Amino acid sequence: LADYLALNDYEAQMLQARTGLTLEQLAAKVKAMVVTRGGDGAQIYAEGVRHDIPAAPVGEIVDPTGCGDAFRAGLLYGIAQGWDWPTTGRLASLLGAIKIGQRGGQNHAFDRAGLAQQYRQAFADDLPDFA
């Protein structure tokens, strides 16, 4: 009964093995399905379309603890704002990249102006309500 499903690549493989369904078949059961792939970015399946989301550039890999949570925070923000999937996915990717540069699950910080600038540098585009 979920509207959205977010998995890492390992969880996606396990779900496919347990259900016998492909990613596309699983995605057809929800509004959107997100599969994160670490440094290889993510894929968002929505309305029969797969959106390939690039990984945001990372300065230094310090600690992956909490990166999935940071990524999902970006997803939830984009969904709440009504953004399109590519924009939502790129924000999520950027938040994960910011988090991986800090030790601990909640020691990263940013402000709106800095986030908008990092987004612009990473993706050559502006965040809709950050412009």
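**Exercise 1. Asp40 and its surroundings**

Task: Locate Asp40 and determine whether this residue is buried or exposed.

Solution. Step 1: Asp40 is placed in the loop between E2 and E3. The model under study is a predicted one.

Step 2: The relative accessibility of Asp40 is 68%. Because exposed means over 50%, Asp40 counts as exposed.

Step 3: Leaving out residues up to four places away in sequence, Asp40 touches Ile53 and Ala55. Asp9 is 31 residues from Asp40 along the chain, and the C-alpha atoms of these two residues are separated by 10 Å.

**Exercise 2. Two strand residues**

Task: For Tyr4 and for Thr36, state the strand, the class of accessibility and the contacts.

Solution. Step 1: Tyr4 belongs to strand E1, which covers residues 4-8. Thr36 belongs to strand E2, which covers residues 32-36.

Step 2: Tyr4 has a relative accessible area of 37% and is therefore partly exposed. Thr36, at 16% relative accessibility, counts as buried, because the cut-off for buried is under 20%.

Step 3: Apart from its neighbours within four places in sequence, Tyr4 is in contact with Val30, Lys31, Ala32, Ile79 and Trp85. One of these partners, Ala32, is 28 residues from Tyr4 in sequence, yet the C-alpha atoms of the two are 5.1 Å apart in space.

Step 4: Not counting residues up to four places away in sequence, Thr36 touches Leu7, Asn8, Asp9, Gly41, Ala42 and Phe71.

**Exercise 3. The packing of H3 and H4**

Task: Describe how helix H3 and helix H4 are oriented towards each other, and which residues meet.

Solution. Step 1: H3 spans residues 67-81 and H4 spans residues 85-100. The two helices pack at an angle of about 150 degrees, and their axes are 7 Å apart.

Step 2: Because angles over 145 degrees count as roughly antiparallel, H3 is roughly antiparallel to H4. The crossing of the two helices is right-handed.

Step 3: On the side of H3, the residues in contact are Cys67, Ala70, Phe71, Ala73, Gly74, Leu75, Tyr77, Gly78 and Ile79. On the side of H4, they are Trp85, Thr88, Gly89, Leu91, Ala92, Ser93, Leu95, Gly96, Lys99 and Ile100. By class, this contact of H3 with H4 comprises 12 nonpolar, 6 polar and 1 charged residues.

**Exercise 4. The packing of H4 and H5, and the place of Leu95**

Task: Describe the orientation of H4 and H5, and characterise Leu95.

Solution. Step 1: H4 and H5 pack at an angle of about 110 degrees, with 10 Å between their axes. Because the range from 65 to 115 degrees counts as roughly perpendicular, H4 is roughly perpendicular to H5.

Step 2: H4 contributes Thr87, Arg90, Leu91, Ser93, Leu94, Leu95 and Ile98 to the contact, while H5 contributes Leu115, Gln118, Tyr119 and Phe123. These residues divide into 7 nonpolar, 3 polar and 1 charged.

Step 3: Leu95 lies in helix H4 and counts as buried, at 9% relative accessibility. With residues up to four places away in sequence left out, Leu95 touches Ala70, Ala73, Gly74, Phe110 and Leu115. Leu95 and Gly74 are 21 residues apart in sequence, and their C-alpha atoms are 6.4 Å apart.

**Exercise 5. An aromatic pair**

Task: What is the geometry of the aromatic pair formed by Tyr77 and Trp83?

Solution. Step 1: A pair of aromatic rings is described by the distance of the centres and the angle of the planes. The structure holds 3 aromatic pairs.

Step 2: In the pair of Tyr77 and Trp83, the distance is 5.5 Å centre to centre and the planes stand at 75 degrees. Because planes over 60 degrees apart count as edge-to-face, the pair is edge-to-face.

Step 3: Tyr77 counts as partly exposed, at 26% relative accessibility, whereas Trp83 is buried, at 12%.

**Exercise 6. Positive phi values**

Task: Which values of phi do Glu47 and Ala124 have, and where do these residues lie?

Solution. Step 1: Most residues other than glycine have a negative phi. Glu47, which is not a glycine, has a positive phi near 50 degrees. Ala124 is not a glycine either and has a positive phi of about 50 degrees.

Step 2: Glu47 lies in the loop between strand E3 (42-46) and strand E4 (49-53). Ala124 is found in the segment after helix H5 (112-123).

Step 3: Glu47 counts as exposed at 77% relative accessibility, and Ala124 is exposed with a relative accessible area of 72%.

Methods. Residues are numbered from 1 along each chain as its sequence is written. This is a predicted model: local features need pLDDT of at least 70, side-chain atom pairs count only at pLDDT 80 or more; totals for chains, interfaces and linings use all residues. Side-chain values use heavy atoms; hydrogens and water are left out. Axes are lines fitted to C-alpha atoms, for helices over the stretch in contact, and angles run from 0 to 180 degrees between N-to-C directions. Helices (H or I, at least four residues) and strands (E, at least two) are DSSP runs, numbered from the N terminus. Angles under 35 degrees count as roughly parallel, over 145 as roughly antiparallel, 65 to 115 as roughly perpendicular and the rest as oblique. A crossing is left-handed if the near helix is turned anticlockwise from the far one by less than a right angle, and right-handed if clockwise. Contact means heavy atoms within 4.5 Å. Ala, Val, Leu, Ile, Met, Phe, Trp, Tyr, Cys and Pro count as nonpolar, Asp, Glu, Lys and Arg as charged, and the others, Gly among them, as polar. Rings of Phe, Tyr and Trp (its six-membered ring) pair if their centres lie within 6.5 Å; planes under 30 degrees apart count as stacked, over 60 as edge-to-face and the rest as tilted. Buried means under 20% relative accessible area, exposed over 50%, partly exposed in between (1.4 Å probe, protein chains only).
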